[in-house]
Amino acid sequence: MINAYVETAEADAYHEARPSHEQWQALDEKAKKRALVAASDYLDVNYPLKDGLNDRMRNGEAVPSAVVRAVCELALHAGELTADKTADKASVSVGEISVSYRELSGIDAKRFSYVAKMLDGLIEKQRGSARLVRG
């Protein structure tokens, strides 16, 4: 079973052609490998792919180019991937009680929606259900 969907050489080539080049090259080889493992794990948890593709890739099946690109993008944010980002509102007020939260940076929100768009054709569509109650 593989730990990461992308090898460091692939990620180096990906970032070489992009503005993220300097940020990626600032990491040493071990940090890059850890970032790619974290990004692959994050992808598995947050982007279930069609027909069990996540498991199949972990067992050696070829990794689609969209997944390679997504992992490379996510790896840039490896330290932030498991951080609690639930506080996405600047503040909430109820009567006299007010609470302020740290707002997500625009780049993070855009980066992860960008990853979702990269994977759009591969993501397993979740079918939801709702309980209806007649009154």
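Which residues in helix 3 meet which residues in helix 5? Good morning, everyone; let's begin there, and please keep in mind that this is a predicted model.

On the helix 3 side we have Ala35, Leu36, Ala39, Ser40, Tyr42 and Leu43. Their partners in helix 5 are Val67, Ala70, Val71, Leu74 and Ala75. Sorted by class, that contact has ten nonpolar residues, one polar residue and no charged ones.

How do the two helices sit against each other? Helix 3 spans residues 29-46 and helix 5 spans residues 65-75, and their axes come within 8 Å. They cross at roughly 115 degrees, and the crossing is right-handed.

Let's stay with helix 5 for a moment. Is helix 5 largely enclosed or largely open? It is largely enclosed by the rest of the structure, because nine of its eleven residues are buried. If you want to find them on the screen, the buried ones are Ala66, Val67, Val68, Ala70, Val71, Cys72, Glu73, Leu74 and Ala75. Do notice Glu73 in that list: a glutamate, and buried.

Now over to helix 1, which covers residues 8-16 and has Thr8 in it. Is Thr8 buried or exposed? Thr8 counts as buried because its relative accessible area is 10%, and the cut-off for buried is under 20%. Beyond its sequence neighbours, Thr8 touches Glu29, Lys32, Lys33 and Leu36. You have met Leu36 already, as one of the helix 3 residues that meet helix 5.

Next, the aromatic rings. The structure holds two aromatic pairs, and one cluster is formed by Tyr42, Tyr47 and Phe112. Tyr42 is another familiar name, since it is among the helix 3 residues in contact with helix 5.

Two other tyrosines have an arginine for company. Arg18 lies over the face of Tyr14, 3.7 Å from the ring centre. Over the ring of Tyr5 sits the charged end of Arg58, at 4.8 Å from the centre.

My last stop is Glu124, in the segment that follows helix 6 (106-118). Which residue lies 75 places from Glu124 in sequence, yet 4.9 Å from it in space, C-alpha to C-alpha? That is Leu49. Setting aside its sequence neighbours, Glu124 is in contact with Pro48, Leu49, Lys50 and Asp51. Even with those contacts, Glu124 is partly exposed, at a relative accessible area of 34%.

That's my tour; thanks for listening, and I'm happy to go back to any of these spots on the screen.

Notes: Residues numbered from 1 in each chain as written. Predicted model: local features only at pLDDT ≥ 70, side-chain atom pairs only at ≥ 80, totals over all residues. Heavy atoms only, no water. Axes fitted to C-alpha atoms, helices over the stretch in contact; angles between N-to-C directions. Helix = DSSP H or I, 4+ residues; strand = E, 2+ residues; numbered from the N terminus. Left-handed = near helix turned anticlockwise from the far one by under 90°. Contact = heavy atoms within 4.5 Å. Nonpolar A, V, L, I, M, F, W, Y, C, P; charged D, E, K, R; others polar. Buried < 20%, exposed > 50% of the residue type's maximum accessible area, 1.4 Å probe, protein only. Phe/Tyr/Trp six-rings, centres within 6.5 Å; stacked < 30°, edge-to-face > 60°. Lys NZ or Arg CZ within 6 Å of the ring centre and 35° of its normal. Lists of a residue's contacts leave out its neighbours within four places in sequence.
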